[in-house]
Amino acid sequence: MQSFPAVDPIPLPAPIWLLKLLHIVTLSLHFVAVEMLLGGLLIAVLLSLFRGPSNIAARALARRLTVVMTFVINLAVPPLLFAQVLYGRALYTSSVLIGAYWISIIGILCLTYWLLYRFTARLEAGKSAWWVGLSAWVLAGFIGRLLSTNMTLMLRPEVWRDMYTASGAGIYLPGGDPTLTPRWLLMMAGGLFIGGLWLVYLAAGLWANSVQPDFVKASLHTDRLYKFFGLAGYGWLALVVVAVLLAAVAGFGKISAGWLGWAGVLVAVLIEIMLVVYRDGVRDVTLLAKGYDVWNRVVVTNWWVVGLFLVLFVAGLGVIGWLVSVVARARKVMEGAA
Ligand code: HEM
């Protein structure tokens, strides 16, 4: 039985390797922003429980989190588009099967955003705010859960027909996938990692890997191409260790030099890239075993469009860098004036 819908007759407008590369880069940036949001919010909630400097830190953090949220969302759209181009026949199907929940993400996202602003406003006004911040964190975690649900359901064509028979309205969530919870916890623990509970992150990473089916693990070691994706798993482990050492230097080494902060950012970005490459390998070898070869598509590259896209993409990154530098300079001016 053919599990996947028929392939779209319109060819892909760019080489598959380029689409995958752009997907990996943009999704890694989305994950960095997501982890900053989840980790930062939890820390802000905890700090807000205390008076004095902790409360001031909570306020400063909360103000920044509303900005981080814009990055979470804006950096989420490109990988969604690339994923749909590459894996549409699987991803659209799973999205429709959980349609009611999938569409509800928009509403939950608006609510989370509003709660973030309320959290900041209540802190500024000196009111108790922890429960508002915690509600935003729980809702953000639920959005993450729905995303993990969809990204794992797209890998299981064998359950689609039964789900659709049970309801075509998208009101059921799938069950019985041992990879869902560790995978979701891995992302949630990423936030805790940034917050300092690195051991939880490490354990979640090892767990998420261990529950992958044997053929997936084997392919990530032996396949001509995907063994390089598998290597990213070791890269992830090594970088987590580097990050812990950096944190130890920052915490106990009495070094507060600016380079340490930048090194931390760099390691965080590299960790997310390793994670994204590895999960990309897991997805490709899983789908391949079920008859979906992501490389098997007709490509008719429109280099004008690709070129224009790349120019705009690089310019967009430049504008973001410039905006960040403006904010950093403005802060220095304000600190100088204070
Ligand atoms: C508070 C907001 C958000 C949180 C906490 C969040 C969290 C997550 C998490 C946990 C995953 C990993 C799922 C997995 O593979 O197991 C993920 C992936 C993803 N998210 Fe977000 N997300 C948020 C907002 C969004 C929004 C608004 C969009 C779309 C516009 C989006 C697009 C994506 C996409 C496309 C992926 C996976 C792409 C792929 O597998 O190729 N996210 N996100």
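Contact, in these legends, means heavy atoms within 4.5 Å. The model is predicted, so that local features need pLDDT of at least 70 and side-chain atom pairs count only at pLDDT 80 or more, while totals for chains, interfaces and linings use all residues. Residues are numbered from 1 along each chain as its sequence is written, and side-chain values use heavy atoms, with hydrogens and water left out.

**View 1. Surroundings of T149 in helix α5.** T149 lies in helix α5, where helices (H or I, at least four residues) and strands (E, at least two) are DSSP runs numbered from the N terminus. With a relative accessible area of 4%, T149 is buried; buried means under 20% relative accessible area, exposed over 50%, and partly exposed in between, computed with a 1.4 Å probe on protein chains only. Apart from neighbours within four places in sequence, T149 is in contact with I98, L173, P174 and L180.

**View 2. The iron atom of the ligand and its protein donor.** H30, through its NE2 atom, is the single donor that the protein offers to the iron atom of the ligand, at 2.2 Å. Donors are N, O and S atoms within 2.8 Å of the metal (3.2 Å for Na, K and Ca), and since water is not among the atoms, sites may look incomplete. H30 itself is found in helix α1, which covers residues 16-48.

**View 3. Polar contacts and the shell around the ligand.** Around the ligand there are 23 residues, of which H23, H30, S148, R279 and R283 come nearest; a residue is counted as near if one of its heavy atoms lies within 4 Å of the molecule or strand in question. A polar side-chain atom of H23 lies 2.6 Å from an oxygen atom of the ligand, and for S148 the corresponding distance is 2.8 Å. In the side chain of R283, an N or O atom is 2.8 Å from an oxygen atom of the ligand. The elements that give two or more residues to this shell are α1, α2 (53-74), α3 (77-97), α5 (130-153), α7 (180-195) and α11 (258-289). A polar contact is a pair of N or O atoms within 3.5 Å; within protein, one must be able to donate a hydrogen and the other to accept it, and residues adjacent in sequence count only if both atoms are side-chain atoms.

**View 4. The largest nonpolar core and Y201.** This core has 86 residues, and those with the most contacts inside it are F119, Y201 and I271. Helix α1 gives the most to this core, with 14 residues. A nonpolar core is a set of buried Ala, Val, Leu, Ile, Met, Phe, Trp, Tyr and Cys residues joined through side-chain atoms within 4.5 Å. Not counting residues up to four places away in sequence, Y201 touches L186, A189, G190, F193, W236, V240, I271, E272 and L275.

**View 5. S48 in helix α1.** S48 is found in helix α1 and, at 14% relative accessibility, counts as buried. Leaving aside neighbours within four places in sequence, S48 has contacts with N55, A58, F119, L123 and W130.

**View 6. L237 in helix α10.** Helix α10 (residues 226-252) holds L237, which is partly exposed, with a relative accessible area of 31%. Among residues beyond four places away in sequence, L237 touches L202 and L206. Between L237 and L202 there are 7.8 Å in space, C-alpha to C-alpha, although the two are 35 residues apart in sequence.
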